[in-house]
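Trainee: Could we go through this model together? I would like to see how each label is justified.

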Amino acid sequence: MGKFKKMRKKITFIGTGLIGFPMAERLLQNGYELNIFNRTKSKALPLKELGAEIFDSPGDAITNADVIITVLTTFDANKETLLTNDISYRGKTVIQMGTIGIDENILLEKMINKKGGNYIEAPVLGSIPQIKSGNLLTLVGCEKELFDQFKFLFKVFGPDVHYFGNVGKASAAKLAYNQLIATLTAAFSMSLGFVIKNDVNVESFMEILRKSALYSPTFDKKLQKMLNNDFTNPNFPLKHLLKDVQIIEKDFDKSKIDTKILKAIEQILENGMNKGLGDLDYSAIFNAIVERN
Ligand SMILES: NC(=O)c1ccc[n+]([C@@H]2O[C@H](COP(=O)([O-])OP(=O)(O)OC[C@H]3O[C@@H](n4cnc5c(N)ncnc54)[C@H](OP(=O)(O)O)[C@@H]3O)[C@@H](O)[C@H]2O)c1
């Protein structure tokens with residue numbers, strides 16, 4: 001049990017978007033007291049019913065707790081929220097759980113350290129259903145003592161909490177996983193589109209695919225959405241896949257890994273944005289790849 005747990009269970013939680021909201025909800029349901037800040041206050045207000053205190057400024061929310069969790073879209077959103085006010089982080093620990101780049105996490109760590117605080121990167125694999133069922137996978141990068149101190153907190157989201165090493169290692173692993181989300185979904189869209197256009201029976205195609213080494217469970221997870229042309233109620237929207245692909249491209253490039261495939265997917269996702277698919281489920285990439293009749 002961590003020192004923090006013995007002292008108090010108050011956390012400042014910043015960012016109640018698509019995954020931030022159910023994460024905050026789960027912490028509240030598990031007995032944690034939350035100070036919440038969200039740029040659009042109305043989105044956080046329903047959490048008041050579970051006992052959260054909703055703040056108007058990040059500074060006030062941060063000052064009131066020693067542990068700060070952020071679930072924000074980008075590096076810039078973290079920087080603007082955590083570092084524009086003259087907040088002292090002495091004795092505080094910032095846990096950044098969104099998907100941002102390796103160097104971005106390292107830079108945020110430096111900035112928080114400079115203000116006296118500790119920094120943990122803890123990107124997650126999984127989405128709203130996994131948060132609700134307590135099966136989110138958390139990847140952690142920080143000093144080992146910090147990991148030991150806060151491991152119990154990540155367990156609220158799911159039993160699989162993996163320590164990768166210092167800040168930068170967990171984000172590298174997360175980007176490697178998300179690269180697969182982008183390329184596997186694009187690859188499946190192409191094959192499924194080709195099968196449909198050539199009047200091949202889709203169920204026969206899937207039956208063999210499921211038995212082959214080429215199969216990935218994500219194909220069946222997205223199949224019905226693609227067949228029904230219904231990408232509403234997204235857990236992870238296409239615009240965020242584009243954001244991730246742009247980060248992945250930059251960081252893979254630095255590792256001297258050819259990013260031509262990613263550049264093509266980026267372009268396809270940008271076409272998808274222009275077609276108005278940005279707020280739909282990311283598997284709507286199908287409609288950017290396959291021209292519907
Ligand atoms: N959705 C998923 O399944 C999933 C899974 C794994 C990882 N992630 C990652 O988790 C992070 C959050 O994702 P999400 O799906 O919850 O996104 P989202 O629904 O778009 O929410 C984004 C959050 O960031 C806030 N925000 C954005 N720009 C800001 C700024 N400049 N200043 C202050 N706040 C700002 C938003 O505030 P407003 O409400 O005011 O817009 C909102 O709270 C992303 O990095 C995403 O890639 C998401």
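Mentor: Gladly. In this predicted model, the centres of domain 1 and domain 2, taken over C-alpha atoms, are 29 Å apart.

Trainee: Where do the two domains run along the chain?

Mentor: Domain 1 covers 3-167 and domain 2 covers 172-289. Where they touch, 13 residues come from domain 1 and twelve residues from domain 2. The side of domain 1 that touches domain 2 consists of eight nonpolar, five polar and no charged residues.

Trainee: What makes the chain as compact as a globular protein of that length?

Mentor: Start with the content: 14 helices and nine strands. The globule rule gives 19 Å for 293 residues, and the radius of gyration of the chain is 20 Å, close to that value, so the chain is as compact as a globular protein of that length. Along the principal axes, the C-alpha atoms fill a box of roughly 65 × 45 × 35 Å. Buried residues account for 41% of the 293 residues.

Trainee: Which residues have the most contacts inside the largest nonpolar core?

Mentor: They are A24, I36, I69, I95 and V140, in a core of 49 residues. A second, separate core has 28 residues, including A186, F188, L242 and Y282. Back in the largest core, A24 is in contact with F13, T16, L34, I36, L47 and A52, leaving aside neighbours within four places in sequence.

Trainee: T16 is on that list. Why is T16 called buried?

Mentor: The cut-off for buried is 20 or more other C-beta atoms within 10 Å. T16 has 27 C-beta neighbours inside 10 Å, so T16 counts as buried. It is found in a loop, between β1 (10-14) and α2 (20-29). Residues that T16 touches, beyond those up to four places away in sequence, are F21, A24, I36, N38, K43, A44 and L47. For I36, the C-alpha separation from T16 is 8.2 Å, with their positions 20 residues apart along the chain.

Trainee: What makes N229 and N233 exposed?

Mentor: A residue is exposed if 12 or fewer other C-beta atoms lie within 10 Å of its own. N229 has 10 such atoms, so N229 is exposed. N233 has 9, so N233 is exposed too. N229 lies in the loop between α11 (217-228) and α12, and N233 is placed in the loop between α11 and α12 as well.

Trainee: What is notable about the phi of each?

Mentor: Most residues other than glycine have a negative phi. N229, although not a glycine, has a positive phi of about 55 degrees. N233, also not a glycine, has a positive phi of about 50 degrees.

Trainee: Now the ligand. How do you know that both domains take part in the shell around the ligand?

Mentor: The shell draws at least three residues from each of domain 1 and domain 2. Of the 24 residues around the ligand, G17, R39, T40, G98 and S127 come nearest.

Trainee: Which helices each supply at least two residues of that shell?

Mentor: Those are α5 (75-83) and α12 (238-254). With three residues, α5 gives the most.

Trainee: How do the shell residues divide into nonpolar, polar and charged?

Mentor: There are seven nonpolar, 13 polar and four charged residues in the shell around the ligand.

Methods: Residues numbered from 1 in each chain as written. Predicted model: local features only at pLDDT ≥ 70, side-chain atom pairs only at ≥ 80, totals over all residues. Core = buried A, V, L, I, M, F, W, Y, C linked by C-beta atoms within 7 Å. Contact = placed C-beta atoms within 7 Å. Domains from an automatic or database assignment. Nonpolar A, V, L, I, M, F, W, Y, C, P; charged D, E, K, R; others polar. Near = placed C-beta within 6 Å. Helix = DSSP H or I, 4+ residues; strand = E, 2+ residues; numbered from the N terminus. Rg over C-alpha atoms; globule rule 2.2 N^0.38 Å.
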